[in-house]
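Colleague: I am new to this structure and would like a close look at a single part of it. Could you choose one helix and walk me through its surroundings, step by step?

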There are 2 protein chains.
Amino acid sequence: MVTTNFEPKFINNPLNCPVTRAMSIIGGKWKPIILNCIGEKKIRFGKLNQIIPSISNKVLASELKELELYGLIKRTEYTEMPPRVEYELTKAGKSLIPILHELANWGDSTIAKKIIKELN
Amino acid sequence: MVTTNFEPKFINNPLNCPVTRAMSIIGGKWKPIILNCIGEKKIRFGKLNQIIPSISNKVLASELKELELYGLIKRTEYTEMPPRVEYELTKAGKSLIPILHELANWGDSTIAKKIIKELN
DNA sequence: ATTTGTGGTTACCATTTGGTTACTAGTTTT
DNA sequence: AAAACTAGTAACCAAATGGTAACCACAAAT
């Protein structure tokens, strides 16, 4: 067995920049996407994988684990066969909603759309 | 000369998720930090490197180039010796301020501080 | 005459991230 | 009797990201 010992290494932040602290936790391209997809509902692993098709199940699983470790999401496993697992935001996870909202807002702007269109 | 041909590869986004679009552009841990450090002022390369000590100048330079390519920052070079270059947010870059503000806000929260403290 | 200061770039290498395929368990459907 | 379904995990490999050290131009200061 390979002990999946995964200790997060946060960004070195001597000047105590709050944005750096935030990025240490939810930085990386997938986490905000995943958190936003979970939103206010309970959602199954497979469903998440469907609505974020460009992430592999391996990476999705490891991102979810990390978010769970941070206490931002809760994982509920039902003892059924085939297995069912649901993810939802914890209270701490919900505190990220304003960020996710601003990200969604900006992502919907003409500015964002133009950048993607012109460089694709 | 090695042609630094760097075409961004955006996240595949068939369902047109706005957060995914946003993350395609400002995803990655450094960009929000850099944008936030630039803020409303003009700032020199060296100064940026000082206040984000954990980024190497190589990575800082490449991130700045990418942000410039997206039209989020403007680079002004003064023909002096030693050289002086200043970076500032463009109008498009300033449209990100609400996101940066929320990130800073959350990064300052007890929740964020606790996560870092407990897992470090 | 040498050192200092600036904003990078380059080469080389190490680490991290990510993808693919195959596999598991036990119940239900074909 | 075989196949499908789910939520992963493991092994293996490819690609992206990041660090370090050396280097450049040229003027000003020592």
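Modeller: Let us take helix H2 of chain B, residues 30-38, keeping in mind that this is a predicted model. Eight of the nine residues of this helix are buried, so H2(B) is largely enclosed by the rest of the structure; buried here means under 20% relative accessible area. The buried residues are B:Trp30, B:Lys31, B:Pro32, B:Ile33, B:Ile34, B:Leu35, B:Cys37 and B:Ile38. After the helix comes B:Gly39, which has a positive phi, near 55°.

As for what H2(B) rests against, the helix lies across E1, E2 and E3 of chain B and runs at about 100° to E3(B). These three strands form an open sheet in the order E1-E3-E2, with antiparallel pairing, and its edge strands are E1 (43-44) and E2 (73-78), each of which pairs on one side only. Between E2(B) and E3(B), the latter spanning residues 84-89, there are six bridges, and the two strands run antiparallel; B:Lys74 stands opposite B:Glu88 in E3(B).

Following E3(B) outward leads to the DNA, since this strand is among the elements that give two or more residues to the surface near DNA strand C. In B:Val85, a backbone N or O atom lies 3.3 Å from a phosphate oxygen of DNA strand C, while B:Tyr87 is one of the residues that come nearest to that DNA strand, out of the 25 around it. Sugar and phosphate account for 66% of the atoms of DNA strand C that come within 4 Å of the protein.

Note on methods: Residues are numbered from 1 along each chain as its sequence is written. Chains are lettered from A and ligands numbered from 1 in the order in which they are written. This is a predicted model: local features need pLDDT of at least 70, side-chain atom pairs count only at pLDDT 80 or more; totals for chains, interfaces and linings use all residues. Side-chain values use heavy atoms; hydrogens and water are left out. Buried means under 20% relative accessible area, exposed over 50%, partly exposed in between (1.4 Å probe, protein chains only). Helices (H or I, at least four residues) and strands (E, at least two) are DSSP runs, numbered from the N terminus. Two strands pair if DSSP finds at least two bridges between them. Contact means heavy atoms within 4.5 Å. Axes are lines fitted to C-alpha atoms, for helices over the stretch in contact, and angles run from 0 to 180 degrees between N-to-C directions. A residue is near a molecule or strand if one of its heavy atoms lies within 4 Å of it. A polar contact is a pair of N or O atoms within 3.5 Å; within protein, one must be able to donate a hydrogen and the other to accept it, and residues adjacent in sequence count only if both atoms are side-chain atoms.
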